[in-house]
Structures are given as C-alpha cells and as structure tokens.
Amino acid sequence: MSEVLVLVDHVDGAVRKPTYELLAIAKRIGSPSAVFIGGADKAEGAAGDLAKFGAEKVYVVDDAEVKGFLVAPKAEVLQQVAEAASPAAILIVSSAEGKEIAGRLAIKLGSGLITDAVDVAADGTTTQSVFAGNYTVQAKVTTGTPIITVKPNSAAAEEGAGAGTVEQFSATISDAAKGARIVASNPRQASGRPELAEAAIVVSGGRGTGGDFSSVESLADALGAAVGASRAAVDSGWQPHTLQIGQTGKTVSPQLYVANGISGAIQHRAGMQTSKTIVAVNKDEEAPIFELVDFGVVGDLHSVLPAATAEIEKRK
Amino acid sequence: MNIVVCVKYVPDATADPRFESDNTVDRVGVDGLLSELDEYAVEQALQLKEGTEEEVTVTALTVGPEKAADAVRKALQMGADQGVHVSDEAIAGSDAIATSLVLAKAVEKIGSVDVVLCGMASTDGAMSVVPAMLAERLGLPQVTLGSRIERKENQIAAQRDGDVSTDVVIGAMPLVASVTDQSGEARYPSFKGIMAAKKKPLETYSLGDLGVDAGQVGLSVAWSTVETTTERPPRTAGEIVKDEDGSGATALVEFLASKKFI
C-alpha cells in the first residue's frame, strides 16, 4: 500500500491534535507515514505518540538547519521525503505556515494543491466549504502527488496502534531556503483553555460585550470551551487577533458555537457558519446572527450569561 | 526602489458570489472590486515609499479579465505610481499554480523589483498560497503574513502572529512580503488621488508579452479540478426567546442540556 505523508505539527516535540486527525484521514487513503521535523531528543517521544494514533512509519528529520527559518526549508524537507517515498498523497494541517509550505511544495513537485479541506475521501476527493460557508465544493487533484491541507476538527483522531517504525532521514537544505530568518520569538501565554481551532465548543463575544469579556469567559470555562472574538472586539483592542473568528481570522467548526453580542456580519459568518449547533445571545432582535441560530436569546448578555453560567455550575 | 503590489479583482462578497456552469467563480456577472485584503498591501507599499527619501516606484499588478483593471485603478487612486494588467482569454479558470506563474513572469518583465507585496489572502479563493508560490517561483525569500512590516536598510522585517508565538522574520531584498489586515488601516483615495490616477500609466500585457505559453494556464490544465459545487441550504432560524427576568438563561441552559452539551 502506498504511503501517505503527514507533516507533523508540534510544539517542541508535543504533537498537536490536528496531526492525529490527519493520520486518521491518511489511513483511508493508504499507509500513514508521519514526517517529524524537530530536535533529535524529542523524536522518540513524538514517534511513540504518532504510532499510538496510527503512524506506520515516522520519518525523523533533524531540524538543526530548519529551525530559525520560515517555511522554505520545511518545503525542501517534504520534497525530498516525497521524492524518496513516492507517496499517494501529502497531508498538511491548514495553518498559516502549513498552507505556505504546501504552496511551495506544490511548485517544487509539480503537483496540484487543495487547501482548507474539511473532509478527504479514500480516493482523494476533498470537500471544502467556500464563499463564507455558503457553498460546498468537491474537488480532486489531477496532476502529480495530491497535496491537501486539512482544517482542524475535520476528522476524529483514532487511537489504533501503527508500527511507528522510525526512519532517520537526512535532508539537504539549500542556502536559498534560508533567506528569511526568524530573529525573535515570543511564546504566547497559555490561557488554559482549548485551542480555538480545535475546540469542540466555542464561546465568543463581540461589540455587545462593551469590552467586558468576563461573562463570556466564565461561560466558556463552565462549558470547557475556547473563547473567540468578533473582528469588532479585536479591532477595539479587547482581544488579541489570534482569537478572531471570521474571514481574516480563524474558521471554526465546533459542535457548539455560542455568539454573544455579535451581530453576525458576513465576515463573521464566514468563520463560524459550518458549526454544528449555533446559539446566540444579543440585545437586538433584528441582528442577522439570529437567522443562523438553532437557539437564540434576545437579551442582555451581561445578565443572561452569568445566570446561565450559575445554572450550569449548579447542574454539574 | 521598485515595489510591485499584487492586487486581485474579486466578486463583491456582499453581492452573493456564485459559480458558473464550469464550476469556476463567476467573475463577470457579479459586481467586483479590489479585494479588501489587498488594500492593506497597497497601503504598506505606499508607507514604504513615504518612509524613505529615495526614489520609489510602486507598481500595482493584476491578472484577470477586462474588468480586473478596476482593481489596479483603485490602487492608482490610493497612490500607486503605475499599473500593469495581465489580461488574456487563455487565463480564465487558472488555479493558484498558474496564477503564480503569470504573476512571476510579470514581475520579471517589470524588472529590478525589490519587494513584491501581497495581501494575506484573496476574499474569494482564500487559499493564502500565492505569495509563497511566488517566492518559490522567483527564488526569493518570503517574509509573509506580517501584522507589521518595516524596512531596515536593505532588509524587510515582519511581525508574524502565530498560534504559539509571535515571531519577527527578516529577509534581505529582493523578497516577497505579505501583510495581514492587522497591518494598518488602508487609506481612502482622495479626490486629488482619483483625478491624478487618470493620468497614471496602466499597461496591459498578454501572455505572449510575458513569454508564457497559453497551454500552461487556464481551466483545462489546472492541476486540480472542481467536480461539484453545491449551494449550502440556508440555515433555518431555530427557536428565539426573549429574556424576561432570567427566563432567557433558563431556556438557554435547557436547550444546551437537551443537546447534551451539559
């Protein structure tokens, strides 16, 4: 069976959940092979975790010449692994960097590229959600090795041991790929909440919070949810851009999305319209968000949310 | 210094973008405009120009049908110095791979370019891959997705806000850069700018002018194919309740419990 390469998304050896989802998708198409680009001392632990989620093979590529540079060296590594392994497909997480790596790789390999898939079938047919979630598109790569970037939460991670055979791979990085250097890096402080793009429940706030997110955050914590924000809330400086949901922020597709004080402009809808269940709390009964909801409350979020949070805590 | 800013003509998102019978985006029947996300790139190009004493030429470059020239015109009104429009019937239906080829050839034809500046994504295809593909094709460093960019002598530095960290990335010119919608509000064209734009040069190139074979671009040679496009059934509004004396919170919790979220 042909290998399917999965580029491992990890922070210092800690594999992030979307990678496990990609391994589950890879299993539908062929034999999952993870490509781990990282420190040699972190490889063993990561390989164990990857095997637990179905990786049959783990290519370990030392990152001594990769880290500290943006995008291009990783594309070179993947190109070299792909040329050696002749995979049936290459799967990458649809993050900002993941898509850029995929773009360069497509040119290098002369292969077609599909981004932001929300599903991939065994024959490589992808499903995408486009035009603010108003259309569903099915597409397929027709030239070269299909390169597909997949959104987080598009498949369930499946525990099921793979062989996890480690293969050391030595890649050659060209000087040209080292043209953009990372000169400073400030780690983001952990919020203790789930990652926005991966969360099963997202509770978000907009202009209607007036800048006070405490009741949004309390409800999120009661539900074990991630906190998100509308562009209006981010532009007002109330929340960082990394929490923005919408066309120019994150696209989320959780089981439950709770929009508070968010009117539901097209830009916002683009980022959350494919959520399974949508709930909104808004003072304005004319707010367009109410056209989308499974359940809506016309009321002041500052009184509705604390009361709901207290009730949820009571029931726990 | 020569800056080329890539701009895309996109269907107006508020005017119900749709597909044609061949599953390509309808770019003619729907009102279009300069992609909002490219306005940020134009703005940063103009700021790079205004931030130096040296002579800087900002060229707005687009690839697209006849009406796509409107995107270049808007950039000229904002303050770009000249425009280039690559227009050729053979280009219709091109994927990002072919589009990046045409853009790269146009950048080479414009010549001695120091910075190719792009927006973070188009508002229609929204793949966010063209800047990286351009860098790959041109063999240039990429300093992309900057929430802030700054010139430091012969280098460009960008702040890149990621999920796990905020990084500063730096590269020596010539390079490809892209900026996000966090990079700074784009200016509106002034009346003076609109009048001045009418006199600015806007050149149109065909594929032949760029030395690109028509067989390398277009829908029929795209490396991926769209099999079906389906309009998503509109979500139907569910139950809406008015909060009166705390009834809203109770109803909300009941709903969440009924769906097993609690």
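Two strands pair if DSSP finds at least two bridges between them. Keep that rule in mind for this predicted model. Start with strand 1 of chain A, residues 3-7, and strand 6 of chain A, residues 89-93. They pair in the parallel sense, over three bridges. One partnership shows the register: A:Leu5 has A:Ile90 of strand 6 as its bridge partner.

Now step back to the sheet around them. It is an open sheet of 10 strands with mixed pairing. The order is 11(A)-5(A)-4(A)-1(A)-6(A)-10(A)-7(A)-8(A)-9(A)-13(B). At one edge lies strand 11 of chain A, residues 165-168. At the other lies strand 13 of chain B, residues 224-231. Each edge strand pairs on one side only. From one strand to the next, the twist averages 35°. What holds such strands together? Strands of a sheet pair through backbone hydrogen bonds, either parallel or antiparallel.

The sheet takes in strands from both chains. Look at where strand 9 of chain A meets strand 13 of chain B. The two pair in the antiparallel sense, over seven bridges. Here A:Tyr135 has B:Glu231 as its bridge partner.

The contact between the chains takes 70 residues from chain A and 67 residues from chain B. On the side of chain A that touches chain B, several elements give two or more residues, including strand 7 (113-120), strand 9 (135-141), strand 12 (180-187) and helix 8 (301-315). Helix 4 of chain A gives the most, with nine residues. By type, that side of chain A divides into 37 nonpolar, 22 polar and 11 charged residues.

Next, follow chain A to strand 15, residues 256-260. Five bridges join strand 15 to strand 16 of chain A, and the two run parallel. A:Leu256 stands opposite A:Thr277 in strand 16. Helix 7 of chain A, residues 266-272, belongs with them: strand 15, helix 7 and strand 16 make a right-handed β-α-β unit. Strand 16 also pairs with strand 17 of chain A, residues 295-298. That pairing is parallel too, over four bridges. There A:Asn282 stands opposite A:Val298.

Why is strand 16 of chain A largely enclosed by the rest of the structure? Five of its six residues are buried, so the strand is largely enclosed. Buried has a cut-off here: 20 or more other C-beta atoms lie within 10 Å of the residue's own.

What fills the interior? In soluble globular proteins, nonpolar side chains tend to be buried together. The largest nonpolar core in this model has 144 residues. Those with the most contacts inside the core are A:Val35, A:Phe36, A:Leu91 and B:Val5. Helix 3 of chain B, residues 96-110, supplies the largest share, nine residues. Take A:Val35 as a guide. Not counting residues up to four places away in sequence, A:Val35 touches A:Leu5, A:Val6, A:Leu7, A:Val8, A:Tyr59, A:Val61, A:Leu78 and A:Val81. A second, separate core has 52 residues. Among them are A:Val216, A:Leu219, A:Met272 and B:Leu252.

Finish with chain B as a whole. Its secondary structure comes to seven helices and 14 strands. The C-alpha trace of chain B spans about 65 × 45 × 40 Å along its principal axes. Of the 262 residues in chain B, 50% are buried. Consider contacts in chain B between residues at least 6 apart in sequence: 70% of these join residues at least 24 apart.

Definitions and conventions. Residues numbered from 1 in each chain as written. Chains lettered and ligands numbered in written order. Predicted model: local features only at pLDDT ≥ 70, side-chain atom pairs only at ≥ 80, totals over all residues. Axes fitted to C-alpha atoms, helices over the stretch in contact; angles between N-to-C directions. Buried ≥ 20, exposed ≤ 12 C-beta atoms within 10 Å, placed from the backbone. Right-handed = clockwise from strand over helix to strand, strands pointing away. Core = buried A, V, L, I, M, F, W, Y, C linked by C-beta atoms within 7 Å. Contact = placed C-beta atoms within 7 Å. Nonpolar A, V, L, I, M, F, W, Y, C, P; charged D, E, K, R; others polar.
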